[in-house]
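Dear colleague,

I am passing on the structure we spoke about, and below it you will find my notes on its charged pairs and on one serine. Please read them with the coordinates open.

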Amino acid sequence: MKKAIAYVSDIILGRTGEVIRRDCQVELISQYAADNDIEIIGWFEDEVYDEDVLMRPGIQGLLGCDRPYEMVLCERVWALSRSMAALEPFFKELERRAVRFECATTMWDCVSQKCRHRYYSRSAGESHATQPGAAVESTVKVRTKRPAHLHFSHLVK
């Protein structure tokens with residue numbers, strides 16, 4: 001069983017001002033952990049969203065945890081930031097410690113995809129840059145058939 005630390009913070013959704021509450025995130029992370037054979041050994045949280053990720057009290061507590069763990073779990077990367085520049089120091093610290101980062105919810109925004117790309121299909125601690133002398137897998141081209149008609153009329157009122 002993999003060991004993880006979970007992190008939550010209130011996530012404010014852009015222009016709407018709606019909030020994904022921490023208790024909702026806890027439920028989703030807990031279910032993800034149960035489905036993926038992950039034991040959560042600690043929970044850390046911050047109430048207020050701040051772009052200086054490393055200075056948040058919950059993140060400082062997470063990084064100060066002295067129990068062994070293999071990954072940090074969030075419901076979505078937005079609990080930390082929507083900016084790769086703000087996330088970079090945190091990710092570098094995780095990589096220095098050979099700790100993975102995983103999200104319970106799959107999002108398709110650029111930051112979420114970059115995070116998945118950074119941690120997908122490589123072991124923790126490995127640099128996200130291509131290693132010198134590493135073999136590059138060949139790509140397979142896939143052809144898709146163009147649809148005969150595009151139907152958008154149902155989207156227009």
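Starting with a residue that is shielded from solvent, Glu75 has a relative accessibility of 1% and therefore counts as buried, the cut-off being under 20%. Please bear in mind throughout that this is a predicted model. Glu75 forms a salt bridge with Arg76, and the closest N and O atoms of the two are 2.7 Å apart. Arg76 is buried as well, its relative accessible area being 12%, so that this salt bridge joins two residues that both fall in the buried class.

The pair just described is one entry in a longer list, since the structure holds 10 salt bridges in total. Another of them links Glu88 with Arg118, where the closest N and O atoms are 2.9 Å apart. Glu88 belongs to helix H3, which covers residues 84-96, whereas Arg118 belongs to helix H4, which covers residues 110-119, and the pair therefore ties together parts that are 30 residues apart in sequence. On the H4 side of this link, Arg118 counts as buried, with a relative accessibility of 4%.

Helix H3 also contains a salt bridge of its own, formed by Glu93 and Arg96, with the closest N and O atoms 2.7 Å apart. Because these two residues are three places apart in the helix, about one helical turn separates them. Their surroundings are not alike: Glu93 is buried at a relative accessible area of 17%, while Arg96 is exposed at 60%.

Not every salt bridge here is an isolated pair, for Asp10, Arg22 and Glu45 are linked in a network of such bridges. One member of that network, Arg22, is also among the residues in contact with Ser9, once the neighbours of Ser9 within four places in sequence are left aside.

Ser9 itself deserves a separate paragraph. Ser9 lies in strand E1, which comprises residues 2-9, and the residue is buried, with a relative accessible area of 0%. The side chain of Ser9 reaches the backbone oxygen of Ala79 at a distance of 2.7 Å. With the same sequence neighbours set aside, the contacts of Ser9 are Ile20, Arg22, Gln25, Asp46, Arg56 and Ala79, so Ala79 appears both in this list and as the partner whose backbone oxygen is reached by the serine side chain.

With best wishes

Methods:
Residues numbered from 1 in each chain as written. Predicted model: local features only at pLDDT ≥ 70, side-chain atom pairs only at ≥ 80, totals over all residues. Heavy atoms only, no water. Salt bridge = Lys/Arg side-chain N within 4 Å of Asp/Glu carboxyl O. Buried < 20%, exposed > 50% of the residue type's maximum accessible area, 1.4 Å probe, protein only. Helix = DSSP H or I, 4+ residues; strand = E, 2+ residues; numbered from the N terminus. Polar contact = N/O pair within 3.5 Å; in protein donor to acceptor, adjacent residues only side chain to side chain. Contact = heavy atoms within 4.5 Å.
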